[in-house]
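Welcome! Here is a short tour of one protein model, with a look at its empty space and at how some of its helices pack.

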Amino acid sequence: MSEEKSLNFIEEIIENDLNSGKYETLVTRFPPEPNGYLHIGHAKAICLNFGLTQKYGGYTNLRFDDTNPVTEKTEYVNSQQEDIRWLGFNWKNELYASDYFDELYGFAVKLIEKGLAYVDESSADEIAALKGTPTEPGQDSPHRNRSIEENLDIFTKMKNGEFADGAYILRAKIDMASPNMLMRDPIIYRIKHAEHHRTGNKWCIYPMYDFAHGQSDSIENITHSICTLEYVSHRELYDWFIEKLEIFPSKQYEFARLNLTSTVMSKRKLLQLVNENLVNGWDDPRMPTISGLRRRGFTPKSIREFCERIGIAKRENLIELSLLEFCIREDLNKTANRVMAVLDPIKLVITNYEKGTEDLIGENNPEAEDGGGTRVIPFSNELWIEREDFMEVPAKKWFRLAPGAMVRLKFAYIVKCEDFVKDENGNVTEIHCTYIPESKSGSDTSGINVKGTIHWVSAPHAKTAEIRLYDRLFTSETPDAEEGDFKDYLNPESLTVLPNAYIEPALADADLDGRYQFIRKGYFCLDKDSTADKLVFNRTVTLKDTFKKPN
RNA sequence: UGUCCGAUAGUAUAAGGGUAGUACAACGGUUUUUGGUACCGUUUGUCUUGGUUCGAAUCCAGGUCGGACAACCA
């Protein structure tokens with residue numbers, strides 16, 4: 001028997017509509033405004049819309065909602081397309097609301113002819129004054145009852161560029177006393193003498209969102225127009241236009257947008273972080289943008305998995321960052337090769353190692369489906385190890401290096417700490433060990449069992465690299481909800497740069513697509529800032545750490 | 001003071017009148033040449049008050065709490 005996987009509320013609606021024969025083909029759309037970069041919240045909507053048509057058949061359009069020429073740019077169109085493709089989705093048609101400007105203009109004329117729209121020369125303040133409040137009804141504009149002929153005449157002149165911005169607007173004639181503020185004669189066209197990224201200067205009037213979105217859905221025969229909760233109150237208007245215009249009845253459904261702990265998601269706030277140089281651009285690896293996550297080392301698969309796991313519902317939610325971290329660890333654990341890098345080095349000298357150097361064999365990834373293969377790792381009597389792997393006075397349950405203690409050097413020998421050197425400030429500068437020749441990894445006949453295994457890099461063979469460690473961008477789990485400015489809660493330690501870490505020589509061939517586990521330190525990837533002489537690695541995420549530090 | 005939407009473990013999400021389940025998190029254990037992985041286990045929940053019913057997370061009514069709505073933005 002097949003496993004019954006439960007459906008979310010949108011899937012239920014779709015299955016009902018398909019089973020009842022209401023629709024034969026499912027058509028959805030992803031409709032971003034090209035005015036910024038896509039973030040993980042958009043990824044949720046992308047996975048939903050494209051995922052639905054992958055599951056039920058039909059197709060998904062990519063439609064740019066470009067009805068406001070002053071905020072939109074081709075640059076954003078391109079970056080948004082790149083991000084959607086990177087996530088692994090392909091749209092059926094690439095469309096633009098601006099493709100429909102002629103048709104939309106015709107719809108406006110039709111509404112005027114039906115006596116359902118009028119031009120209004122009131123100022124923005126005057127309109128606001130008559131709008132009422134959520135608890136009080138509004139009042140009719142003095143221009144509400146102009147003749148159809150006059151409305152048509154002025155609207156034509158608006159289109160022909162005879163008026164300055166703001167001189168007139170076109171409003172739907174609905175009900176100034178409606179409990180829904182959006183139904184109080186909403187503005188549907190405004191004059192904007194601005195160059196549009198696609199239509200250039202052809203138009204000087206542009207439709208508002210409410211007069212473009214539903215009609216665009218209808219033109220494309222979108223069956224299920226899925227958007228976020230803040231559009232719930234727009235649905236009444238959405239349906240009103242479709243009804244009065246007598247066009248294909250697309251239906252709008254709303255789900256709760258994604259909120260993630262310790263970050264912000266609003267475009268306005270992300271823009272502020274970029275503009276005020278609080279991060280290094282839209283693709284800063286600390287940003288929740290798709291491009292930031294990509295640069296950080298997240299995989300498309302991990303993001304799709306995340307979107308699958310968070311679910312689709314109508315209640316507001318705040319997802320814990322740990323779920324995103326789980327998703328990327330789960331993917332990388334199976335795919336990332338294991339290598340060794342020492343982030344905070346201290347010298348370890350093996351006093352009885354006479355061979356000079358030796359090539360050892362290391363497994364690339366025992367968790368990989370194909371076994372991962374092996375590589376050569378050079379070894380010598382002088383190594384770099386992690387400073388935190390040595391304690392002069394070991395804590396309870398410490399099973400790394402300490403005076404007299406033994407540990408396994410990963411892929412190599414067991415060593416015993418015999419001595420250490422301190423500088424005049426009391427800092428340990430060098431650790432002296434002896435090794436057990438019979439304990440070589442893979443052919444250990446020593447019979448010695450040690451609890452600790454530490455990573456290392458041979459000092460004479462090591463390459464250096466810059467390593468960038470990232471932590472959560474905000475110290476508050478809910479920076480949006482805190483008192484005062486959200487920027488007051490930025491985490492000052494969200495970025496730590498280690499300019500001179502040591503990496504094993506095999507990493508010299510790292511490329512931008514590679515994903516690596518630095519053994520015991522986390523998952524890393526090469527950053528685009530790398531040059532031939534200077535490699536830069538980003539830490540995608542740490543390994544899960546269940547070691548309870550003393551104290 | 002209005003209208004609309006919502007409420008299930010710490011966080012999400014199922015159960016659609018009949019055993020409140022799953023995942024992440026947390027905690028404990030086994031295995032381990034990564035204090036990782038894998039495997040096993042533990043803790044924690046139906047906002048509230050009534051009603052309908054043999055039986056309610058589910059249906060109904062009232063309340064409480066949270067969110068959205070007064071841009072010539074989307």
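Let us begin with the residues around an enclosed space: by class, the lining of the largest cavity has two nonpolar, four polar and one charged residues. Please keep in mind that this is a predicted model. The residues in that lining are Y209, D210, H213, G214, H234, Y238 and Q252. The cavity they surround has a volume of about 30 Å³, and a search of the whole structure finds one cavity of 30 Å³ or more.

Which helix gives the most to this lining? Helix α7, residues 209–219, does, with four residues.

From here we can follow α7 to a neighbour. Two packed helices are described by the angle between their axes and the distance between the axes. The table gives these values for three pairs.

| Helix pair | Axis distance | Angle |
|---|---|---|
| α4 (residues 101–113) and α7 | within 11 Å | roughly 110° |
| α4 and α8 (residues 235–245) | 10 Å | about 75° |
| α1 (residues 9–19) and α2 (residues 40–56) | within 12 Å | roughly 40° |

**α4 with α7.** The axes of these helices cross at roughly 110°, which makes α4 roughly perpendicular to α7. The crossing of α4 past α7 is right-handed. On the α4 side, the contact involves E103, L104, F107, A108 and L111, and these meet F211, A212, Q215 and I219 in α7. Sorted by class, this contact has seven nonpolar, one polar and one charged residues.

**α4 with α8.** Helix α4 also packs against α8, at an angle of about 75°. The two are therefore roughly perpendicular to each other. Here F107, K110 and L111 of α4 touch W240, F241, K244 and L245 of α8. Five residues of this contact are nonpolar, none is polar and two are charged. Notice that F107 and L111 appear in the contact of α4 with α7 and again in the contact of α4 with α8.

**α1 with α2.** How do the axes of α1 and α2 cross? They do so at roughly 40°, and that makes α1 oblique to α2. Helix α1 passes α2 in a right-handed crossing. From α1 come I10, E11, I14, E15 and L18, while α2 brings L48, L52, K55 and Y56. The class count for this contact is six nonpolar, no polar and three charged residues.

Note on methods: Residues are numbered from 1 along each chain as its sequence is written. Chains are lettered from A and ligands numbered from 1 in the order in which they are written. This is a predicted model: local features need pLDDT of at least 70, side-chain atom pairs count only at pLDDT 80 or more; totals for chains, interfaces and linings use all residues. Side-chain values use heavy atoms; hydrogens and water are left out. On a 1 Å grid over the protein atoms alone, a cavity is a set of points where a 1.4 Å probe fits but cannot get out, and a pocket is an open set with protein on both sides within 12 Å along at least five of seven lines; lining residues have an atom within 4 Å of a point. Grid points are joined across faces, edges and corners, and a volume is the space filled by probe spheres set on the points. Ala, Val, Leu, Ile, Met, Phe, Trp, Tyr, Cys and Pro count as nonpolar, Asp, Glu, Lys and Arg as charged, and the others, Gly among them, as polar. Axes are lines fitted to C-alpha atoms, for helices over the stretch in contact, and angles run from 0 to 180 degrees between N-to-C directions. Angles under 35 degrees count as roughly parallel, over 145 as roughly antiparallel, 65 to 115 as roughly perpendicular and the rest as oblique. A crossing is left-handed if the near helix is turned anticlockwise from the far one by less than a right angle, and right-handed if clockwise. Contact means heavy atoms within 4.5 Å.
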